[in-house]
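Good morning, and thank you for coming. I should like to take a few minutes to walk through one structure.

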Amino acid sequence: STMGMLDQVKQAMQMRKEAKRLQAEVEKISCSYNNGGISITARGDFSITQVKISDEALEEIKAGKPERFETMLKNVITAVLGQVKERSQQLMQQAMKEGNLPFGK
């Protein structure tokens with residue numbers, strides 16, 4: 001019936017609106033992680049928005065141990081992206097629980 005199709009279209013539009021809203025929420029996420037004088041901030045879309053490196057962290061490079069600095073940097077990036085992933089998954093699960101989204105029903 002035409003009514004059934006109309007309902008489906010409405011539902012699809014509602015889901016798209018909800019998915020867009022959720023995407024916007026995810027993009028608003030911002031996490032920071034700080035270790036060994038390296039501080040990195042990342043957003044919900046996994047973009048790195050800030051990198052701060054203190055003199056303390058640069059000492060490793062000055063001391064001729066760039067590998068140690070690189071390892072620390074890699075660890076901080078991995079940690080901050082892990083936080084972002086966790087936070088965005090929480091948002092997704094929340095949205096599913098509220099039943100606004102079709103996935104996982």
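I shall speak about a hairpin, a nonpolar core and a pair of helices.

Please bear in mind throughout that the model is predicted.

Let me begin with the hairpin. Strand β2 covers residues 38-43 and strand β3 covers residues 48-53; the two run antiparallel and are joined by five bridges. As a point of orientation in this pairing, Ser39 of the hairpin stands opposite Lys52 in β3. Four residues lie between the strands, and in this hairpin Phe46 adopts a positive phi near 70°.

I turn now to the core. The largest nonpolar core has eleven residues in all: Val26, Ile29, Cys31, Ile38, Ile40, Ala42, Ala57, Phe69, Val76, Val80 and Val84. Two elements, β2 and α3, each give two or more residues to this core. The largest share comes from α3, with four residues.

Within this core, I would draw your attention to Val80, which belongs to helix α3, residues 66-97. Is Val80 buried or exposed? Its relative accessible area is 0%, and because the cut-off for burial is under 20%, Val80 counts as buried. Not counting residues up to four places away in sequence, Val80 touches Cys31, Ser32, Tyr33, Ile40 and Ala42. Val80 also lies 6.9 Å from Thr41, C-alpha to C-alpha, although 39 residues separate the two in sequence.

Val76 is another member of the core. Which residues does Val76 contact, leaving aside its neighbours within four places in sequence? They are Tyr33, Asn35, Ile38 and Ile40.

My last topic is the helix pair. Helix α2, residues 55-62, and α3 have axes that come within 6 Å and cross at roughly 140°. Why is this pair described as oblique? Angles over 145 degrees count as roughly antiparallel, and the crossing at roughly 140° therefore leaves α2 oblique to α3. On the α2 side the contact is made by Ala57, Leu58, Glu60 and Ile61, and on the α3 side by Pro66, Arg68, Phe69 and Met72. By class, this contact has six nonpolar and two charged residues, and no polar ones.

Let me close with Glu60, which is found in helix α2. Glu60 has a relative accessible area of 15%, and is therefore buried. Leaving aside neighbours within four places in sequence, Glu60 is in contact with Lys65, Pro66, Arg68 and Phe69. Of these, Phe69 is also a member of the largest nonpolar core.

Thank you for your attention.

Terms used: Residues are numbered from 1 along each chain as its sequence is written. This is a predicted model: local features need pLDDT of at least 70, side-chain atom pairs count only at pLDDT 80 or more; totals for chains, interfaces and linings use all residues. Side-chain values use heavy atoms; hydrogens and water are left out. Two strands pair if DSSP finds at least two bridges between them. Buried means under 20% relative accessible area, exposed over 50%, partly exposed in between (1.4 Å probe, protein chains only). Contact means heavy atoms within 4.5 Å. A nonpolar core is a set of buried Ala, Val, Leu, Ile, Met, Phe, Trp, Tyr and Cys residues joined through side-chain atoms within 4.5 Å. Axes are lines fitted to C-alpha atoms, for helices over the stretch in contact, and angles run from 0 to 180 degrees between N-to-C directions. Angles under 35 degrees count as roughly parallel, over 145 as roughly antiparallel, 65 to 115 as roughly perpendicular and the rest as oblique. Ala, Val, Leu, Ile, Met, Phe, Trp, Tyr, Cys and Pro count as nonpolar, Asp, Glu, Lys and Arg as charged, and the others, Gly among them, as polar.
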